[in-house]
Amino acid sequence: MENIKERIKKRALIIDKLTEKQNKDVNLLLSNGGKMNDKIITKEKILSVVMKINNVDPNKTFSLKGGKVNRLRANVEVRHMYFYLCKKLTGETLKDLGHIYYHNCINHVFDHSTVIHGIKSWNDLMFQMPIKRKLTDKAIKILTV
């Protein structure tokens, strides 16, 4: 019985420490007005950086003629990178991340589950392939500097 109580106390201390760290992070973000380095990061900015880094055309990446989604591997990975960066750098909901608008030429909507899948897939790719991690770090550096 005492062993269980000790474990509960240890976990409570860990939770308190994590909560304190989270509050510091939130306070830091709020003290900066919700901006990173005095720059507001929008989904459109993220999309333009992702398109530029991957050297792809947004219209071909997100849709084909007839309104179908382009499912070539390279294009899917670009979308996954976009979803990952949006989730990491913006405070928008998964549903909002699935709504993609770009210079009035793309108006595409992805389901929240597609966004979740994209985020997880890109995270896995970054773990397996260091080049994907470097690409992501490069995009983050461009967006936050």
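At what angle do the axes of α2 and α4 cross, and within what distance do they come? In this predicted model, the axes of α2 and α4 cross at roughly 140° and come within 10 Å. That angle makes α2 oblique to α4, and the crossing by which α2 passes α4 is right-handed. On the α2 side the contact is made by Lys 43, Ile 46, Leu 47, Val 50, Met 51 and Asn 54, and on the α4 side by Val 78, Met 81, Tyr 82, Leu 85, Cys 86 and Leu 89. Sorted by class, this contact of α2 with α4 comprises ten nonpolar residues, one polar residue and one charged residue.

## The chain as a whole

The protein chain contains seven helices and two strands, which follow one another along the sequence in the pattern α-α-α-α-α-β-β-α-α. Of the 145 residues in the protein chain, 31% are buried. Among the contacts in the protein chain with a separation of 6 or more, 62% are accounted for by residues 24 or more positions apart.

## Helix α4 and its surroundings

Helix α4 spans residues 73-89, and its 17 residues reach 24 Å from the first C-alpha to the last, close to the 24 Å expected at 1.5 Å a residue. Because twelve of its 17 residues are buried, α4 is largely enclosed by the rest of the structure. The buried residues of α4 are Asn 75, Glu 77, Val 78, Arg 79, His 80, Met 81, Tyr 82, Phe 83, Tyr 84, Leu 85, Cys 86 and Leu 89. They pack against the helices α2 (43-54), α3 (58-62), α5 (94-97), α6 (112-128) and α7 (130-144), and also against β1 (99-102).

Two of these buried positions, Asn 75 and Glu 77, can be followed in more detail. Asn 75 lies in helix α4 and counts as buried because its relative accessibility is 10%, under the 20% cut-off. Leaving aside its neighbours within four places in sequence, Asn 75 is in contact with Lys 60, Thr 61 and Asn 70. Glu 77, which is also found in α4, is buried with a relative accessible area of 14%. When its neighbours within four places in sequence are again left aside, Glu 77 is in contact with Trp 122, Leu 125 and Lys 132.

The table sets out four individual residues with their helices and relative accessible areas.

| Residue | Helix | Relative accessible area |
|---|---|---|
| Asn 75 | α4 | 10%, buried |
| Glu 77 | α4 | 14%, buried |
| Asn 123 | α6 | 38%, partly exposed |
| Leu 143 | α7 | 5%, buried |

## The packing of α4 with α7

How is α4 placed with respect to α7? The two helices pack at an angle of about 50°, with their axes 11 Å apart, and that makes α4 oblique to α7. The crossing of α4 and α7 is right-handed. From α4 the contact draws on Glu 77, Met 81, Tyr 84, Leu 85, Lys 88 and Leu 89, while α7 supplies Lys 132, Arg 133, Leu 135, Thr 136, Ala 139, Ile 140 and Leu 143. By class, the contact of α4 with α7 has eight nonpolar residues, one polar residue and four charged residues.

Leu 143, a residue of helix α7, is buried with a relative accessible area of 5%. Although Leu 143 and Leu 89 are 54 residues apart in sequence, their C-alpha atoms are 9.0 Å apart in space.

## Helix α6

Helix α6 has 17 residues and reaches 24 Å from its first C-alpha to its last, close to the 24 Å expected at 1.5 Å a residue. Which residues of α6 are buried? They are Val 115, Gly 118, Ile 119, Ser 121, Trp 122, Leu 125 and Met 126, and what covers them includes α4, α5 and α7. Trp 122 and Leu 125 in this list are also among the residues in contact with Glu 77.

Asn 123, which lies in helix α6, is partly exposed, with a relative accessible area of 38%. The C-alpha atoms of Asn 123 and His 80 are separated by 8.9 Å, with these positions 43 residues apart along the chain counted as their distance apart in sequence.

Notes: Residues numbered from 1 in each chain as written. Predicted model: local features only at pLDDT ≥ 70, side-chain atom pairs only at ≥ 80, totals over all residues. Heavy atoms only, no water. Helix = DSSP H or I, 4+ residues; strand = E, 2+ residues; numbered from the N terminus. Buried < 20%, exposed > 50% of the residue type's maximum accessible area, 1.4 Å probe, protein only. Contact = heavy atoms within 4.5 Å. Expected span 1.5 Å × (residues − 1). Axes fitted to C-alpha atoms, helices over the stretch in contact; angles between N-to-C directions. Parallel < 35°, antiparallel > 145°, perpendicular 65-115°, else oblique. Left-handed = near helix turned anticlockwise from the far one by under 90°. Nonpolar A, V, L, I, M, F, W, Y, C, P; charged D, E, K, R; others polar.
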